[in-house]
Structure formats: structure tokens, C-alpha cells
Amino acid sequence: MKFLKCLILGIFCSFSIIYGQNYRFTYNYRSIPDTLNKNNIINEDMILEVRDNKSVFLSQKKIISDSVMIADAKKGIMTMPDPSIQTKYIVTKEYSDVKTRLITEEFSTSYKFVIVDERPLNWKILPEKKMIGEYQCQKAVLDFAGRQWTAWFTEEIPFSDGPYKFRGLPGLIVQIGDSKEYHVFQLKGVQKNNNNPYESKVDKGTNTKNLSFSDFVKFYKEYRKDPVKEFKQNAMSGKIYYESEEKRIEHMMLVEKLNKERIKKDNNIIELDLLKK
């Protein structure tokens with residue numbers, strides 16, 4: 001482990017070298033989506049991929065699933081995304097500004113959302129330090145999106161970045177979690193990425209809907225009230241074929257019931273203030 005640490009530090013010895021190469025940081029993301037069922041703990045490996053002056057953060061399973069779908073498409077085979085992917089969004093950051101973009105297909109079957117977030121992260125860096133694994137880390141705290149976060153960052157890996165939308169500290173975030181430990185990210189692996197970097201075509205396609213964060217907040221509150229609004233519109237307009245009116249009504253009621261049950265259990269989202277009325 002000491003040899004590995006020295007090797008990693010050698011790799012990160014110069015910013016001119018850093019920004020000319022690609023690196024992947026693997027995080028374990030542990031979350032509890034339903035406060036009424038705290039035994040339902042989700043663990044998922046997430047990737048923070050850094051290259052040049054930008055980064056992308058997404059599920060490791062999504063990277064694998066997308067690769068399989070692309071390979072199959074070249075063979076003329078249509079493959080569906082891996083249904084076991086829990087975290088479906090992608091977060092991208094440009095180091096030249098403070099914006100983050102969250103890209104998701106969760107809310108519509110017709111287009112993807114690209115949500116631009118310009119909220120500042122007002123970190124308070126504290127003097128407390130400790131070792132996490134092989135890294136000397138320092139503590140920082142933050143109030144963000146309805147939660148109080150505690151982060152541990154290391155200047156030994158000089159990327160001002162971290163999982164999800166977190167950034168802006170003088171080193172990579174090794175660990176970060178909210179005060180109740182409902183959402184916790186823990187660094188578990190570092191590697192130089194010699195393969196082609198992950199490229200999201202989501203934000204390059206034509207079927208995208210760009211929203212400011214304030215506009216997304218309005219949309220999201222309406223979505224929580226009626227998560228199948230788009231589906232019902234498509235069903236009523238005839239875009240979805242049914243053998244009879246009875247079958248259509250039956251299916252619409254079932255889809256609405258299942259989605260409302262899903263929303264009810266999804267009461268502990270990472271940005272908790274989105275649930276405020």
C-alpha cells in the first residue's frame with residue numbers, strides 16, 4: 001500500500017501532467033431512500049472520471065451498460081439499459097466555472113433533462129485532520145440542499161473535485177456524508193484511465209430539455225404531485241395502443257398506482273430541500 005501511495009503521489013506531482021491525462025476515482029455510495037424503511041440500504045459503486053479541465057460522475061454500472069448497448073448496436077442488436085442501475089443521473093463539471101450539470105432521463109420518455117446548477121458551495125474548512133486509508137485528510141463542513149455535510153479531503157490528490165456536485169476544496173474529497181448518514185460517499189479506488197474516457201451523448205442529442213435549477217425546482221414539485229402526467233397524456237392522445245378503452249383505463253390506473261407508491265418510498269432524496277412545499 002505504501003508503494004501504491006507513492007506511485008499515486010508521483011502521478012499527481014504536477015498539474016501540467018494531471019490535466020493532460022485521464023483518471024478514474026471509484027466511490028462507494030451508500031444511501032437510504034426511505035426513512036420509513038432504514039433497513040433498505042443501497043450500495044452502488046460510482047465513478048468520478050477526470051480529464052483535462054472537466055469531470056463526469058455516474059454509476060459504474062451505467063458505464064458498463066452503455067458500453068454493452070453501443071457494442072450491440074453496432075451488431076444490429078437492440079439492448080435495454082441494465083435495470084439494476086440505482087443512480088441514473090450523470091453530473092458533469094467544467095473546472096473553468098462554478099456550474100454543474102445534472103443530466104437525467106428519469107422524468108420523461110421523450111427527452112432528457114439537463115439541469116444547470118450555479119449555486120455556490122460555501123465550505124468551512126476546519127483544522128481537524130485524520131488518516132483515511134493511506135491519505136492524510138482534513139475536515140470541511142457545508143450546508144447544501146437541505147442537509148449538513150461533513151467532508152474529508154486530501155491535498156495529496158490535488159483535484160478540487162469530489163462525488164456528486166461537491167467541489168471547491170483544495171484537494172480531492174475522500175469521504176463525504178450528511179449529518180444523519182443517509183447519503184455517504186467513500187473513495188475506494190484510484191486509477192489512471194488508459195481506455196477511452198466515458199463520453200455522454202445525452203447532452204449532445206436533440207431530445208434534451210435544458211433547465212435552470214430554479215425552473216427545475218418548479219417542475220420537480222409538480223412531478224412529485226403527478227409523476228405520470230406525460231404518460232397519461234400519451235395514453236389519452238392515442239400514442240400508446242390499447243385493445244379497448246377498458247384496457248387503457250385499467251393500465252393507466254395501474255401505472256399511476258405504482259408510480260405514486262414509488263414516489264412515496266423515495267422520501268429521502270439527496271437534495272432534501274426539493275421536498276419542501
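**Strand 9 and its surroundings**

Strand 9, spanning residues 147-154, is mostly covered, with six of its eight residues buried. The model described here is a predicted one, and this strand makes a convenient starting point for a tour of it.

On one hand, strand 9 pairs with strand 8 (residues 135-144) in the antiparallel sense, over seven bridges. Within this pairing, W149 of strand 9 is the bridge partner of L142. The two strands form a hairpin in which two residues lie between them. One feature of the turn deserves a look: A145 has a positive phi there, of about 60 degrees. Strand 9 also pairs with strand 10 (residues 172-178), again in the antiparallel sense, this time over six bridges. Here T154 finds its bridge partner in L172 of strand 10.

Attention can now turn to a helix. Helix 4 is made up of 13 residues, 213-225, and reaches 19 Å from its first C-alpha to its last, close to the 18 Å expected at 1.5 Å a residue. Its buried residues are F213, F216, V217, Y220, Y223 and R224. These residues lie on the same side of helix 4 because they cover an arc of only 130 degrees around the axis. On the other side of the helix, K218 and K225 are exposed. The packing partners of the buried residues are strand 6 (112-117), strand 12 (208-212) and helix 6 (245-265).

The loop between strand 11 (183-192) and strand 12 offers a further point of interest, for N207 lies in it. N207 is partly exposed, its relative accessible area being 47%; this value falls between the 20% limit for buried residues and the 50% limit for exposed ones. Leaving aside residues up to four places away in sequence, N207 touches S110, Y111 and K112. The C-alpha atoms of N207 and F113 are separated by 8.9 Å, although these residues are 94 residues apart along the chain.

A view of the whole chain completes the picture. The chain contains six helices and 12 strands, and 43% of its 277 residues count as buried. Among contacts with a separation of 6 or more, 58% are accounted for by residues 24 or more positions apart. The chain exposes about 15700 Å², of which carbon and sulfur atoms supply 54%.

Definitions and conventions:
Residues are numbered from 1 along each chain as its sequence is written. This is a predicted model: local features need pLDDT of at least 70, side-chain atom pairs count only at pLDDT 80 or more; totals for chains, interfaces and linings use all residues. Side-chain values use heavy atoms; hydrogens and water are left out. Helices (H or I, at least four residues) and strands (E, at least two) are DSSP runs, numbered from the N terminus. The expected span of a helix is 1.5 Å times one less than its number of residues. Buried means under 20% relative accessible area, exposed over 50%, partly exposed in between (1.4 Å probe, protein chains only). The arc is that of the directions from the helix axis to the C-beta atoms. Contact means heavy atoms within 4.5 Å. Two strands pair if DSSP finds at least two bridges between them. Accessible areas come from the Shrake-Rupley method with a 1.4 Å probe; for residues, only the protein chains shown count as cover.
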